[in-house]
Amino acid sequence: MYRTGKSHPRVTCSFCGKGAEQVAKILTGPGVHICNECTMMCHGILAEELARDAGKAVPGVAGQPAASDLPIPSQIKAHLDEYVIGQDPAKKALAVSVYNHYKRLQHQEGKVGGVEVDKSNLLLIGSTGSGKTLLAQTMARFLNVPFTIVDATVLTEAGYVGEDVESILVRLLQSADYDPKKAEKGIIFVDEIDKIARKSANASITRDVSGEGVQQGLLKILEGTVAAIPPKGGRKHPEQPLVHINTRNILFICGGAFESLDRIVMRRINRGGMGFGADINSGKELSMGSLFRQCEPDDLIQFGLIPELVGRLPVIVGLDELDADALMQILTQPKNALVKQFGRLFEMENIELKFEEGALQAIVKQTLVRKTGARGLRSVMERVLQQPMFDLPGTQDVSEFVVTAEMVESAMLPESDVVAKPEVATRKATRKKVA
């Protein structure tokens with residue numbers, strides 16, 4: 001370190017030429033010197049370069065997991081297990097497909113040993129609330145890649161009022177901080193894909209702008225094309241700058257409830273011989289998930305998807321319908337379980353929230369009645385805890401609140417019944433333990 005004084009010669013920075021008197025500090029070495037300003041500048045440049053290299057799995061490719069950081073399928077499934085209850089067959093299929101997708105990107109852009117490996121888009125089939133969206137969201141967050149969810153019901157054929165198919169790429173670009181290279185390695189989840197099915201398996205003689213027309217528009221994007229999109233969304237016009245995105249390496253995951261598809265699969269399975277040797281299965285013996293897992297491309301075509309779109313979704317994954325045991329586990333076990341979420345809300349008011357076993361069973365029972373899957377759990381919980389969350393904030397003498405089965409049943413009564421017995425409803429809905 002240079003010190004000023006008569007016995008020291010004048011020292012200047014070898015990079016910027018400033019003297020020691022012009023800067024705060026200057027480091028000296030054998031025939032070379034560097035000031036604190038140049039040191040900070042070099043540190044910033046190196047940090048930026050290292051951060052940029054860390055985000056590249058192969059030279060020139062950004063926005064995907066590094067080769068050493070790409071988790072194997074068993075690790076992906078283990079992470080999904082922490083947030084999603086059950087659905088093991090779907091988790092395994094999803095983990096394998098996603099792992100193979102990013103593995104092919106890390107090896108010469110899909111060319112392994114001279115063989116070009118194509119991507120495999122997925123189709124998730126399951127009843128509402130079975131976890132299709134949650135699986136895709138959790139996986140994308142774990143891999144730290146750009147991810148967006150698009151509702152297929154708002155899409156229309158290009159040229160008509162509504163959002164055209166290319167608008168889904170705008171949302172992915174926005175989630176990638178407007179970095180096209182990063183967006184090209186992202187994941188797009190197209191929800192409610194079954195809602196754009198055509199009315200029959202036969203080709204329509206009239207224009208179906210929100211059904212078959214959308215399916216036709218999705219074909220090239222799913223397979224791989226270079227799309228020119230306005231970065232801020234909206235309609236294209238000649239003077240607007242466009243961003244070009246190659247969709248060849250974007251993984252598409254489509255999901256839908258596909259109501260009545262189980263009956264189509266069931267008819268095909270039972271279409272067998274007649275007589276004593278015929279193998280006849282009863283619909284009651286097969287669960288919804290097992291029927292969906294036996295789904296064939298012809299079943300989807302009969303449902304209303306065009307053959308070209310079915311061919312671009314080679315991996316078909318069926319999800320199980322949630323029963324009472326699965327809903328109970330979803331309510332209590334995951335990291336972000338509803339019981340833990342509402343417990344945290346009460347904890348902010350310095351109140352401990354507890355649930356009796358009968359209360360949890362009553363919540364599950366009410367959810368099964370609604371037939372909305374895991375989403376129904378939050379709806380029931382909100383209704384049960386609405387009155388306590390209204391009454392308790394600001395109270396000083398309550399340290400614990402216990403939810404009972406009677407409270408759940410009372411909260412789920414129609415409004416007219418609650419008004420008819422206000423004293424009973426109030427007494428059950430505000431049961432609490434004073435510290």
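Which residue forms a salt bridge with aspartate 81? In this predicted model, the partner is lysine 77, and the closest N and O atoms of the two side chains are 3.1 Å apart. Both residues belong to helix 2, which spans residues 73-83, and they are separated by four positions, or about one turn of the helix. Their surroundings can be described separately: aspartate 81 is partly exposed, with a relative accessibility of 31%, whereas lysine 77, at 17%, counts as buried, because the cut-off for a buried residue is under 20% relative accessible area.

Side chains of opposite charge can pair when their charged atoms come close. A search of the whole structure returns 14 salt bridges, and one of them joins lysine 195 to aspartate 194, with the closest N and O atoms 3.0 Å apart. Here lysine 195 is partly exposed, at 44% relative accessibility, while aspartate 194 is buried, at 7%.

A further salt bridge is found in helix 15, where the side chains of arginine 378 and glutamate 382 meet at 3.8 Å, N to O. These two residues stand four positions apart in that helix, which runs over residues 375-391, so about one helical turn separates them. Arginine 378 has a relative accessible area of 34% and is partly exposed, and glutamate 382, with a relative accessibility of 35%, is likewise classed as partly exposed. Returning to the pair in the opening question, Lys77 and Asp81 are also members of a network with Asp88 and Lys91, joined through salt bridges that share partners. A charged side chain also meets an aromatic ring in this model, since arginine 141 lies over the face of tyrosine 83, at 5.9 Å from the ring centre.

From the charged groups the description passes to the interior. The largest nonpolar core contains 46 residues, and those with the most contacts inside it are Ile168, Ile188, Leu218, Phe258, Leu261 and Leu300. A second core, separate from this one, has 30 residues, among them Met328, Ile330, Val364 and Leu392.

Leucine 261 offers a way into the largest core. When residues up to four places away in sequence are left out, leucine 261 touches Ile125, Phe292, Cys295, Asp299, Leu300 and Phe303. Leu261 is also one of the buried residues of helix 8, together with Asp262, Ile264, Val265, Met266 and Ile269. The elements that cover the buried residues of this helix include strand 7 (122-125), helix 9 (288-293) and helix 10.

Aromatic side chains add a further link in this part of the structure. Two aromatic pairs are found when the whole structure is searched, and one of them is formed by phenylalanine 258 and phenylalanine 303, whose rings lie 5.0 Å apart, centre to centre, in a tilted arrangement with 50° between the planes. This pair connects distant parts of the chain, for phenylalanine 258 sits in the loop between strand 12 (251-256) and helix 8 (261-269), whereas phenylalanine 303 lies in helix 10 (residues 297-303), 45 residues away. Phenylalanine 258 is buried, with a relative accessible area of 1%, and phenylalanine 303 is buried as well, at 15%. The two phenylalanines can also be placed in relation to the contacts described above: Phe258 is among the residues with the most contacts inside the largest core, and Phe303 is one of the residues touched by leucine 261.

Technical notes. Residues numbered from 1 in each chain as written. Predicted model: local features only at pLDDT ≥ 70, side-chain atom pairs only at ≥ 80, totals over all residues. Heavy atoms only, no water. Core = buried A, V, L, I, M, F, W, Y, C linked by side-chain atoms within 4.5 Å. Buried < 20%, exposed > 50% of the residue type's maximum accessible area, 1.4 Å probe, protein only. Contact = heavy atoms within 4.5 Å. Phe/Tyr/Trp six-rings, centres within 6.5 Å; stacked < 30°, edge-to-face > 60°. Lys NZ or Arg CZ within 6 Å of the ring centre and 35° of its normal. Salt bridge = Lys/Arg side-chain N within 4 Å of Asp/Glu carboxyl O.
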